[in-house]
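Visitor: I would like to go through this model and hear what its descriptive terms rest on. Where shall we start?

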Amino acid sequence: LNVVFVIYPNIVLLDLVGPLQVFTHARKSARAQPAYQTHVLSCAGARTSTNTILHIDSAPMADWINPQHTAPLHTLVIIGGDGALDASLDRRFVSQVKQLAKRSQRVCSVCSGALILAATGLLDGRRAVTHWEDCDRLAAQYPAVTVEVDPIYIKDGPIWTSAGITAGIDMALAIIQE
């Protein structure tokens, strides 16, 4: 099962590596092969800055949007970070996320990645959570989203959102348990 993590400049590194670690190490039994194949994508597919001194290599989202790409996409995870607001205003980026979401069985966000999901319209009419510092912004900019402040993660149909760094890890564990 393919799990794709979408990044953009100035992500929070732990928003990526926490859930990535959970999916990378999930196995059906102690000696089994990994249950998931993980991939990191960005708009252009390049080294992408984080909120630390580290950069993350990524493949272009277009490779997975291309109709000739036959690998099924099981779970799409949009990572949070200080760059989420700018990413949510980037029409090309948001369009690519929406196209990936159409190919995915499950769509998730970690922390402020919910701003990007909201920009695609995927959270309209749904309950969602994000980092407490972004809840007011999410509610004000996207009134069709029912923003909840208290949960660490919310599952609303095939859409999952999480509150922050460790909540993204908890969400990934809940997804694997499901």
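Guide: With surface: accessible areas come from the Shrake-Rupley method with a 1.4 Å probe. On that basis the protein chain of this predicted model has an accessible surface of about 8600 Å², and 52% of that belongs to carbon and sulfur atoms.

Visitor: What makes the protein chain as compact as a globular protein of that length?

Guide: The secondary structure comes to 7 helices and 11 strands. The radius of gyration of the chain is 15 Å, and the globule rule gives 16 Å for 178 residues; the two values are close, so the chain is as compact as a globular protein of that length. Along its principal axes the C-alpha trace spans about 45 × 35 × 30 Å.

Visitor: How many of the 178 residues count as buried, in percent?

Guide: Buried means under 20% relative accessible area, and 49% of the 178 residues count as buried.

Visitor: Why are β10 and β11 called paired strands?

Guide: Pairing requires at least two bridges. Strand β10 (residues 153-156) and strand β11 (residues 159-162) are joined by 4 bridges, so they count as a pair, and they run antiparallel. K155 stands opposite W160 in β11. The hairpin has 2 residues between the strands, and G157 takes a positive phi near 65° there.

Visitor: Which residues of β10 lie on the covered face, and which on the uncovered one?

Guide: I154 and D156 form the covered face of β10, while Y153 and K155 form the uncovered one.

Technical notes:
Residues numbered from 1 in each chain as written. Predicted model: local features only at pLDDT ≥ 70, side-chain atom pairs only at ≥ 80, totals over all residues. Heavy atoms only, no water. Rg over C-alpha atoms; globule rule 2.2 N^0.38 Å. Buried < 20%, exposed > 50% of the residue type's maximum accessible area, 1.4 Å probe, protein only.
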